[in-house]
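Reader: I'd like to learn how to read a model like this one, feature by feature. Can we go through it together?

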Amino acid sequence: MEFQVLGPLHVGDDTTDLTPSAAKVRAVLAMLVLRHNQIVSTRELIDELWGERPPATALPTLHTYVYKLRKMLGTGGPASVVTKPYGYLLATSPETIDVYRFERLVADGWSALERDDPGRATTSLAQALGLWRGPALADLTAGELLSAQVTRLEEGRLRALQLRLEADLRLGRHGELVSELKELIAIHPLNEDFYAKLMTALYQVGRRGEALEVYQNLRGVLVAQLGVDPSPALCRLQQRLLSVDPGLDQPDLDPLPPRPPRAGAGTATGTPAQLPPDIADFVGRAEAGDQIAAILSGAADPGTAMRVVCLTGMPGAGETTLAVHAAHRARADFPSGQLFAELGGAGAPADPGEVLAGFLRAAGVPAEEVPACRDERSKLFRTWCGDRRVLIVLDDADGPAQIQPLLPGSAGCAVIVTSRTGLHGLAGAQTVELGPLGAGEGLELLARIIGPARLEDERAAAERIVHLCGRLPLALRCAGARLAAGQGLTLEKLAERLQDPRSRLAELSVADLDVRTAFRGAYERLGEPERSLFRLLGLLQTPSITMRQAGALLGREPGHAERLLDRLAGRRLLRARPEPGGEVRYTIHELARLFARECLERELDACGEPAPGDLAAAPRVLGT
């Protein structure tokens, strides 16, 4: 599969065209393609599609567009649209994007010219320009953001063309360029670089009079349209032509345009800025935010060691959202750059070596200079970080072994990690545990999604919704999105629907926002013994249990039950709380308990068992 934007938008291969026909769906796809493997915030997409006055249904409509793109791309293929709490990203190999290949070829051509290898340069640059099939995104009605991207692409095309012409001049192809340069001047009548190259080409083929006439034509155009004379550099070139300067081989202008950014790099100066967009409706977490800020600043533990803070919490607690928000608050303290990587957790853990390669390219290291060995990449990355102040955000880490190679070694750097299991065993890491929001914070979040006036009109129902959502940020966002999208859905009606525990999780699902999905991701990372106990916890009539009660539930000794409970707590599906006398009580969030019961009922259906009515059925279900 290939994504093409250098011309009309196209998705597919040589035999299949998957390009969506709906204009707004194409615009969403174009935004995701141009920022492939980077997060495009929901706000940016809404601004692009509807401008400053989006309709009330903008968010659910956007969810529908993303659903259509997912359906178009299919599952298990080379590309997919991934949902984030603050937006979406297109996960695909950069090689599938024509812009990536174009920028890589242009960078190769520029490097070849720097090495005085015009033959290699003209080959690379001709291949780059050959990827263009017309004006960028020619079949889209671009909004403000896409228009800026189109402008950037067209400027890159012009820069590549100037580089290729420079390479051809150095190869002595003056006669072949005269007609092409005349056509380019007709299209770009104010581009002095094209005039300079045409004057040089004409001079080199013995047409000095025509070359001087080109200068006079340019001067007439500039005086008539802008009231200015040609630049001093072009005036010097005219004087050299008049004096028949024997050293006149190249225009007396800057011989090369500014170096283009390498494909995949953050900026040409090696200062990456990879943080995903912050969300506009961030609410609460003031204490945790202040704690993170103190750790990142070094105020909590000044010294010579790098600072690492780990955010952890139950599924849906918003660790990633807080990590990104805290990183944006602190970015001024890290002027050397900010790096971001999604590590995939235990389900599909990212290879640290590949993450390091991406960090090095973002820092400006040429792809051909990135070491093949992971350890060497780690050493080079630490060297680059050595005298810099860099902030690194590692999202959904599987554990210390995965992130250890990604850590810089200098005190000027800091790392924020989100992890479902925490980073126990990583020396110096400080953990910030996130629980549900406070009741007031939950109301504030709901108000920011649906509007404060609407919330105040049905405040009692809003308080019930916050309570029934367990004050879990993801659940509240689902409820808020339902209210924002639902025509005629009142807060009272939604509260009534959420009151039924059998359908509550189904109600907390809106397009890509789904509480079940968050719990399912954590559940699927468990071993089978832990899954079995978790399913049985769905039978509890109270939110807490001790190891002795769990042992009775399992029909096993308390020590066995305690080990399983500890593992569930380690995955943040339970919360452990010591009690007087040394006993530990484990608490399950109500939404997690409802999910556990659903898992148990599915297991019973698969086994042909009746639905559980009491705890006595549990040992037989578990088979232990």
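Reader: Let's start with a single side chain: is R459 buried, partly exposed or exposed?

Author: This is a predicted model, so keep that in mind throughout. R459 comes out as partly exposed, because its relative accessible area is 34%, between the 20% and 50% cut-offs.

Reader: Which side chain does R459 meet in a salt bridge?

Author: The general idea goes like this: side chains of opposite charge can pair when their charged atoms come close. Here, R459 meets E463, at 3.5 Å from N to O. The two sit four residues apart in helix α18, so about one helical turn separates them. E463 is partly exposed too, with a relative accessible area of 40%.

Reader: OK, that one stays inside a helix. Which parts does the pair R464 and E492 tie together?

Author: R464 and E492 form a salt bridge with their closest N and O atoms 2.9 Å apart. R464 lies in helix α18 and E492 in helix α20 (residues 491-499), so this pair links parts 28 residues apart in sequence. R464 has 29% relative accessibility, so call it partly exposed; E492, at 33%, is partly exposed as well.

Reader: And E319, buried or exposed?

Author: Buried, because its relative accessibility is 7%. Its salt-bridge partner is R420, with the closest N and O atoms 2.6 Å apart. E319 belongs to helix α12 (residues 319-330) and R420 to the loop between β9 and β10, so the pair ties together parts 101 residues apart in sequence. R420 also counts as buried, because it has 19% relative accessibility. The structure holds 32 salt bridges, so don't take these as the full set.

Reader: How many residues does the largest nonpolar core have?

Author: In soluble globular proteins, nonpolar side chains tend to be buried together. In this model the largest such core has 91 residues, and I416 and I465 have the most contacts inside it. Helix α26 (residues 590-607) gives the largest share, eight residues. Apart from that core lies another, of 78 residues, including L140 and F194.

Reader: Who are some of I416's neighbours?

Author: Among them are I292, L311, A323 and L391, once you set aside residues up to four places away in sequence.

Reader: Where is confidence lowest?

Author: Where pLDDT is low, the predicted coordinates should not be read in detail. Here the low point is helix α27 (residues 618-622), with a mean of 39, while helix α18 is highest at 93. Residues 263-270 also fall below 50, though this stretch has 17 contacts in the model beyond near neighbours in sequence. Across the chain, the average is 83, and 91% of the residues score at least 70.

Conventions
Residues numbered from 1 in each chain as written. Predicted model: local features only at pLDDT ≥ 70, side-chain atom pairs only at ≥ 80, totals over all residues. Heavy atoms only, no water. Core = buried A, V, L, I, M, F, W, Y, C linked by side-chain atoms within 4.5 Å. Buried < 20%, exposed > 50% of the residue type's maximum accessible area, 1.4 Å probe, protein only. Contact = heavy atoms within 4.5 Å. pLDDT = per-residue confidence, 0-100. Salt bridge = Lys/Arg side-chain N within 4 Å of Asp/Glu carboxyl O.
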